[in-house]
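This report looks at charged side chains and where they sit. Please view the sequence and the structure first.

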Amino acid sequence: MSCSDKISRWNVLGLQGSLLASVIEPIYLHSIVLGSLLHPAHMYRAICGRIENSIQGLPPPYRLNKPKLALMTSAESRNQTKPPNFSINWLIGCPDVEIVNSFTGKLINNNTNTNKMSRLSKQSFYRRFAAVIERLPHARFHEIKPSYGETKMCVPEYQQAKKELFSAFSKEDLGDWLKKPIEQDQFTLMAPKPEELAAAAVAAASAATVNSTSVNNGTGSNGSGPVSGGK
């Protein structure tokens with residue numbers, strides 16, 4: 001799938017994925033800034049316009065998001081080079097930076113490949129989600145199924161919205177959405193690490209604070225997050 005296909009998906013389902021959709025509203029892009037070669041009409045069509053007349057039946061709070069589009073005042077020159085075979089990630093509040101082998105998904109330590117799993121893997125996200133759910137007793141979704149795939153399917157509104165998105169692509173003769181092998185999601189939950197439990201506790205406390213503030217102020221979320229920018 002192309003980058004614009006994936007952004008189109010985000011503009012319907014949000015950035016948060018199916019698991020987090022069970023406890024928070026969709027997080028949508030507010031704006032996208034393109035470094036160079038921006039053609040507003042073509043960009044709009046690519047990320048949302050091509051399905052706006054065919055997508056329907058989206059369950060609340062899902063909608064077709066239409067982010068603002070902008071170009072940098074000083075356009076970047078395009079230097080096409082071969083991408084590296086590693087990626088780097090870091091998190092606010094975590095002192096360690098991860099270097100991940102792009103081919104295996106495993107960590108690299110001192111220029112040596114290891115068998116250690118990245119904190120960005122599905123298993124790590126699944127463990128963190130389970131730890132957060134345990135700390136949210138009033139969450140509507142409060143059950144972890146035997147496998148990751150089964151747990152994702154237990155968020156009906158998200159699954160319905162995804163179905164309508166794929167249907168819209170089909171109606172516009174844009175082809176069928178390519179799916180990954182089902183075996184990728186057929187894994188079970190591993191016991192969380194101590195640092196993941198601590199991170200989950202912080203996340204749950206933050207979520208509780210945000211919800212409490214919204215209720216006290218008499219405000220609610222419109223499903224449009226403060227995320228800006230794009231890849």
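A residue is called buried when its relative accessible area is under 20%, exposed when the area is over 50%, and partly exposed in between (1.4 Å probe, protein chains only). The structure is a predicted model, in which local features need pLDDT of at least 70 and side-chain atom pairs count only at pLDDT 80 or more, while totals for chains, interfaces and linings use all residues. Residues are numbered from 1 along each chain as its sequence is written, and side-chain values use heavy atoms, with hydrogens and water left out.

Side chains of opposite charge can pair when their charged atoms come close. A salt bridge here is a side-chain nitrogen of Lys or Arg within 4 Å of a carboxyl oxygen of Asp or Glu. The whole structure holds five salt bridges, among them the three in this table.

| Pair | Closest N to O distance |
|---|---|
| K66 and E52 | 3.0 Å |
| E98 and R119 | 3.9 Å |
| K122 and D185 | 2.7 Å |

Helices (H or I, at least four residues) and strands (E, at least two) are DSSP runs, numbered from the N terminus.

In the salt bridge of K66 with E52, both residues lie in the loop between α3 and β2, so the pair ties together parts that are 14 residues apart in sequence. K66 is partly exposed at 47% relative accessibility, and E52 is partly exposed at 30%.

E98 is in strand β4 (residues 98–101). E98 is buried, with a relative accessible area of 10%, and its salt-bridge partner R119 is buried at 12%. The side chain of E98 also makes a polar contact of 2.7 Å with the side chain of S118 and reaches the backbone nitrogen of R119 at 3.1 Å. A polar contact is a pair of N or O atoms within 3.5 Å; within protein, one must be able to donate a hydrogen and the other to accept it, and residues adjacent in sequence count only if both atoms are side-chain atoms.

K122, in helix α4, and D185, in the loop between α6 and α7, are 63 residues apart. K122 is partly exposed at 29%, whereas D185 is buried at 16%. Salt bridges with shared partners join K122, K152 and D185 into one network.

Which side chain of opposite charge is nearest to E164? It is K171, 5.4 Å away, and E164 is buried yet has no salt bridge. E164 belongs to helix α6 (residues 156–171).

Note on methods. Lys, Arg positive; Asp, Glu negative; His and termini not counted.
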